[in-house]
Amino acid sequence: HKFPESANFNKVKITIAGGAKPQYLRYFGKLKSLSNQIAQVTAHLDPADRVSISWIGDQTPQALEELYNANDMCIAAADNEPFGRTPVEAMSAGATVIGRTNCQSTREILSEAPYPIGILVDSSADAVEKIYDLMADAETLATLQTNAICWGRSHYTLERAEKLLLEALELITERPQVQDSANLLFVQSTD
């Protein structure tokens, strides 16, 4: 990527969490290369104004919660996340989520609310453009953060999950028996 000549990187801090699984090593190699490029482009700036990129690896749920609370934006980079936990946790902490359009769970989560709660992008270039836009427009960023926190905390609750689960179980028990059987496991977290 080529950075704009007038790019204002003031106090941008990027924290990358997640494990270096073998299938992602090539991707993280590119990310490290990009990090070095950013460091060179911003080397002339005062250290407080440079882009800071740190990779912190796998984190506990408590540490992730702290990260969501400490950051303005969360990039939900997964192509496939079955339950969309990352966007929901980030929204509940007030972080604006930028997610991939081709990730079904992220798309459903960010499209479900009757007002904007995050941004869907089709490519990395789109994500970078949206990040720049939000950095330049604090009012829009604050609106998205407020909307996300309101939606996340009202829509993704244990009470709602319990209600949906009970509705599903009721529907299952109302259906006539079929010859094939299925074993279902529902796990309730004690955290």
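**Note on the predicted model**

1. The protein chain exposes about 13500 Å², and carbon and sulfur atoms supply 53% of that area. The model is a predicted one. Of the chain's 191 residues, 26% count as buried.

2. Secondary structure in the protein chain amounts to seven helices and five strands. Read from the N terminus, the order of elements is β-α-β-α-β-α-β-α-β-α-α-α. As for contacts between residues at least 6 apart in sequence, 57% of them join residues at least 24 apart.

3. Helix H3 covers residues 85–92 and contains both Arg85 and Glu89. Its buried residues are Pro87, Val88, Ala90, Met91 and Ser92. These buried residues pack against two strands and three helices: strand S3 (73–76), strand S4 (96–100), helix H2 (61–70), helix H4 (104–112) and H6. After H3 comes Gly94, with a positive phi near 95°.

4. Two salt bridges turn up in a search of the whole structure. One of them joins Arg85 to Glu89, with 2.7 Å between the closest N and O atoms. The two residues sit four apart in H3, about one turn of the helix. Arg85 has a relative accessible area of 48% and is therefore partly exposed, since exposed would require over 50%. Glu89, at 28%, is also classed as partly exposed.

5. The other pairing to look at is in helix H7 (residues 158–174), where Lys163 and Glu167 are separated by about one helical turn because they are four residues apart. Their side chains form a salt bridge with an N to O distance of 3.5 Å. Lys163 counts as exposed, because its relative accessibility is 52% and the cut-off for that class is over 50%. Glu167 has a relative accessibility of 36%, so this residue counts as partly exposed.

6. On the surface, a patch of negative charge is made up of Glu129, Asp133, Asp137 and Glu139. One of its members, Glu129, belongs to helix H5, which spans residues 124–136. Glu129 is at 46% relative accessibility and so counts as partly exposed.

7. Leu144 is worth checking in the viewer. This leucine is placed in helix H6 (residues 138–155). Leu144 counts as buried because its relative accessibility is 7%, and buried means under 20%. Leaving aside residues up to four places away in sequence, Leu144 touches Thr96, Pro116, Ile117, Gly118, Ile119 and Leu134. For one of these contacts, Gly118, the C-alpha atom lies 6.2 Å from that of Leu144, although 26 residues separate the pair along the chain.

8. To recap the side-chain environments: Leu144 is buried at 7% relative accessibility, whereas Glu129, in the negative patch, is partly exposed at 46%. Of the salt-bridge residues, Lys163 is exposed at 52%, while Arg85 is partly exposed at 48%. H6 appears twice in this note, as the helix that holds Leu144 and as one of the elements against which the buried residues of H3 pack.

Technical notes
Residues are numbered from 1 along each chain as its sequence is written. This is a predicted model: local features need pLDDT of at least 70, side-chain atom pairs count only at pLDDT 80 or more; totals for chains, interfaces and linings use all residues. Side-chain values use heavy atoms; hydrogens and water are left out. Patches are made of residues with over 30% relative accessible area and no salt bridge: like charges are joined within 9 Å, nonpolar side chains (Val, Leu, Ile, Met, Phe, Trp, Tyr) within 5 Å. Accessible areas come from the Shrake-Rupley method with a 1.4 Å probe; for residues, only the protein chains shown count as cover. A salt bridge is a side-chain nitrogen of Lys or Arg within 4 Å of a carboxyl oxygen of Asp or Glu. Lys and Arg count as positive and Asp and Glu as negative; His and the chain ends are not counted. The place of a charge is taken as NZ of Lys, CZ of Arg, CG of Asp or CD of Glu. Buried means under 20% relative accessible area, exposed over 50%, partly exposed in between (1.4 Å probe, protein chains only). Contact means heavy atoms within 4.5 Å.
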